[in-house]
Amino acid sequence: MTLPAEQQPTAVVTGASSGIGAATARRLAAAGYRAVLTARRADRVEELAAELNGDGHRAEAHPLDVTDRAAVEAFASRLGPLAPGSVLVNNAGGALGLDPVATADPADWRSMYEVNVLGTLHMTQALLPALTASGEGTVLVLSSTAGHGTYEGGAGYVASKHGAHVLAETLRLELCGQPVRVIEIAPGMVRTEEFSLTRFRGDADKAAKVYEGVAEPLTAEDVADTVVWAVTRPPHVNVDLLVVRPRAQASNTKVHRER
């Protein structure tokens with residue numbers, strides 16, 4: 001049974017233009033959520049919203065840069081009240097470079113911190129009042145196994161994802177007793193069309209080597225499935241932290257590669 005619009009839970013998904021964000025938006029829309037899609041690339045989120053609406057779901061596209069505080073606040077003010085069960089999926093993020101600490105570009109570190117940590121902070125602060133007022137809200141942070149372990153060349157990205165992990169962990173403490181769950185999902189190796197390509201500034205050969213010999217890295221759909229499972233648990237159930245890796249990956253630095 002389709003709920004009236006005012007009773008339908010909303011899923012705000014950041015970084016919904018591709019990869020995990022787009023896959024998550026599709027899964028949540030199919031699960032009965034009003035999908036509110038945000039990303040910097042307007043054409044991508046508008047195309048996805050049209051696809052979802054064409055499939056009989058309810059979706060809206062809102063071009064948005066999560067690092068722009070004023071834009072985030074304006075977006076939140078237009079969103080209006082949220083129905084019980086609504087969720088914010090903080091997915092927007094990314095990695096730049098694989099340089100050692102000694103030679104890394106501080107601008108790359110700043111860019112990663114801005115989107116991976118401050119972008120999550122902006123969205124969470126802006127939507128938290130409505131999620132709380134709903135009586136049954138969820139803040140979900142897509143972090144990374146990089147937020148739980150280090151590896152050479154990854155310090156900038158690792159630092160930013162540790163920041164996202166700590167943000168989620170601290171928020172959960174601070175909201176204890178409030179009707180808002182805080183969930184963190186930390187994926188390991190996920191092969192998407194853009195993550196490694198962006199990290200290596202469009203170098204397709206370097207991007208391909210990340211997954212070389214790995215028979216089955218995770219897909220965006222694999223991660224989206226975990227998101228939907230976590231947010232559709234009964235409201236008294238909080239999945240504090242879910243780490244998901246492909247079978248071939250035992251840690252950030254131990255991966256089985258077939259030759």
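The lining of the largest cavity in this predicted model comprises seven nonpolar, four polar and three charged residues. In total, 14 residues line this cavity. Leu96, Gly97, Asp99, Trp109 and Met112 lie nearest its centre. Two elements give two or more residues to the lining: helix H4 (106-133) and helix H5 (155-174). The largest cavity holds about 70 Å³ of space. A search of the whole structure finds one cavity of 30 Å³ or more.

Nonpolar packing was examined next. In soluble globular proteins, nonpolar side chains tend to be buried together. The largest nonpolar core has 36 residues. Within this core, the residues with the most contacts are Leu28, Leu37, Val89, Leu140 and Ile185. Helix H8 (residues 220-231) gives the most to the core, with seven residues. The surroundings of Leu140 were listed without its neighbours within four places in sequence. Leu140 is then in contact with Leu88, Val89 and Asn90, with Ile183 and Ile185, and with Val227 and Val231. Another core, of 23 residues, lies apart from the largest one. Val66, Val72, Ala164 and Leu171 are among its members.

A polar position was also considered. Thr38 is found in strand E2 (residues 34-39). Its relative accessible area is 0%, so Thr38 is buried. Residues up to four places away in sequence are not counted among its contacts. Thr38 touches Val12, Val13, Thr14, Gly15 and Ala16. Val45, His62, Leu64 and Phe75 are also in contact with Thr38.

Methods:
Residues numbered from 1 in each chain as written. Predicted model: local features only at pLDDT ≥ 70, side-chain atom pairs only at ≥ 80, totals over all residues. Heavy atoms only, no water. 1 Å grid on protein atoms, 1.4 Å probe; cavity = no way out; pocket = protein on both sides within 12 Å on 5 of 7 lines; lining within 4 Å. Points joined across faces, edges and corners; volume = space filled by probe spheres on them. Helix = DSSP H or I, 4+ residues; strand = E, 2+ residues; numbered from the N terminus. Nonpolar A, V, L, I, M, F, W, Y, C, P; charged D, E, K, R; others polar. Core = buried A, V, L, I, M, F, W, Y, C linked by side-chain atoms within 4.5 Å. Buried < 20%, exposed > 50% of the residue type's maximum accessible area, 1.4 Å probe, protein only. Contact = heavy atoms within 4.5 Å.
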